[in-house]
Amino acid sequence: MNSYLALLRGINVGGRNKIPMKPLREHLEDMGYQQVSTYIASGNVLLASPDSPEQVGREVEAALVENFDLDDDLIKVLVLSPDQLHSVIDSRPEGFGEQPEKYHSDAIFLMGIDAETAMTAFRPREGVDRVWPGDGVIYSQRLSAELTKSRLSAVIASPLYKSMTIRSWNTTMNLRDRLTPL
């Protein structure tokens, strides 16, 4: 049995693709997943399965589209093992996420694209935004005092955004603390 974090892209964002967490958990349990739990209602599911991350991702993605009333064009699922999530955290740029009072920091997880391709969607504003490519992730940091000047929201207009899902650094760290190897 393997423990996984499933990042569901495109649910419960901006009033679209609403899925209550209790029915989601129950459906995943009915599919045979074990130890199913959710963290905040933005598409973070912890579960256990003997299957590979890729297989779990395909099954969960198909189940979301088939069993919930969703705009399936927005839905994607990325499944990470504890080692993969720890690697994202351990490989962050020096000092990243360590000054939450000064910077808003996000992990932008990539789904089916590499960091080099994803970086073409970013146009950081000098003195406000910083972005760094990682392995399966883009690290994004915005100066809190200048949030209204950030260009991170422009990424949403890019066709590449359909291959990304964003989690705050605080959420990413909380997910790490909840995801334990079996």
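In this predicted model, the face of helix H3 that points away from its buried side carries two exposed residues, Asp83 and Asp90. The other side of the helix, which spans residues 82-90, holds the buried residues Pro82, Leu85, Val88 and Ile89. Viewed down the axis of H3, these buried residues fall within an arc of 125°, so they line one face of the helix. A general point helps here: an α-helix has 3.6 residues a turn, so residues three or four places apart point the same way. The partners of that buried face in H3 are strand E1 (2-9), strand E4 (76-80), strand E5 (103-110), strand E7 (137-143) and helix H5 (169-178).

Helix H1 (residues 21-30) can be read in the same manner. Its buried residues are Met21, Leu24, His27 and Leu28, and because they fall within an arc of 125° around the axis of H1, they line one face of the helix. Lys22 and Asp30 are exposed on the face of H1 turned away from the buried side. The cover over the buried residues of H1 includes E1, E2, E3 and helix H2 (53-67). After H1 comes Gly32, with a positive phi near 105°.

Let us stay with backbone angles for a moment. Most residues other than glycine have a negative phi. Which residue of strand E2 (residues 34-38) is of interest here? It is Gln35, a residue other than glycine whose phi is positive. Ile40, in the loop between E2 and strand E3 (44-49), also has a positive phi although it is not a glycine. The table sets out the phi values.

| Residue | Phi |
|---|---|
| Gly32 | near 105° |
| Gln35 | near 50° |
| Ile40 | about 45° |

As for accessibility, Gln35 has a relative accessible area of 55% and is exposed, while Ile40, with 44%, is partly exposed.

Ile40 also leads us to helix H5, where Thr171 lies. Although Thr171 and Ile40 are 131 residues apart along the chain, their C-alpha atoms are separated by 8.8 Å. Is Thr171 buried or exposed? With a relative accessible area of 9%, Thr171 is buried. Setting aside neighbours within four places in sequence, the contacts of Thr171 are Tyr39, Ile40 and Asn44.

Next come the aromatic rings. The model has four aromatic pairs. In one of them, the ring centres of Phe96 and Trp132 are 5.7 Å apart and the planes stand at 85°, so the pair is edge-to-face; the cut-off for that label is an angle over 60 degrees. Phe96 sits in the loop between H3 and E5 and Trp132 in strand E6 (residues 129-133), so this pair ties together parts that are 36 residues apart in sequence. Phe96 and Trp132 are both buried. Together with Tyr139 and Trp169, Phe96 and Trp132 form one aromatic cluster.

Finally, what about empty space inside? The structure holds one cavity of 30 Å³ or more, and the largest cavity contains about 40 Å³ of space. Which residues line the largest cavity? They are Phe122, Arg123, Pro124, Asp129, Val131, Ser140, Arg151, Leu152 and Val155. By class, this lining divides into five nonpolar, one polar and three charged residues.

Definitions and conventions:
Residues are numbered from 1 along each chain as its sequence is written. This is a predicted model: local features need pLDDT of at least 70, side-chain atom pairs count only at pLDDT 80 or more; totals for chains, interfaces and linings use all residues. Side-chain values use heavy atoms; hydrogens and water are left out. On a 1 Å grid over the protein atoms alone, a cavity is a set of points where a 1.4 Å probe fits but cannot get out, and a pocket is an open set with protein on both sides within 12 Å along at least five of seven lines; lining residues have an atom within 4 Å of a point. Grid points are joined across faces, edges and corners, and a volume is the space filled by probe spheres set on the points. Ala, Val, Leu, Ile, Met, Phe, Trp, Tyr, Cys and Pro count as nonpolar, Asp, Glu, Lys and Arg as charged, and the others, Gly among them, as polar. Buried means under 20% relative accessible area, exposed over 50%, partly exposed in between (1.4 Å probe, protein chains only). Helices (H or I, at least four residues) and strands (E, at least two) are DSSP runs, numbered from the N terminus. The arc is that of the directions from the helix axis to the C-beta atoms. Contact means heavy atoms within 4.5 Å. Rings of Phe, Tyr and Trp (its six-membered ring) pair if their centres lie within 6.5 Å; planes under 30 degrees apart count as stacked, over 60 as edge-to-face and the rest as tilted.
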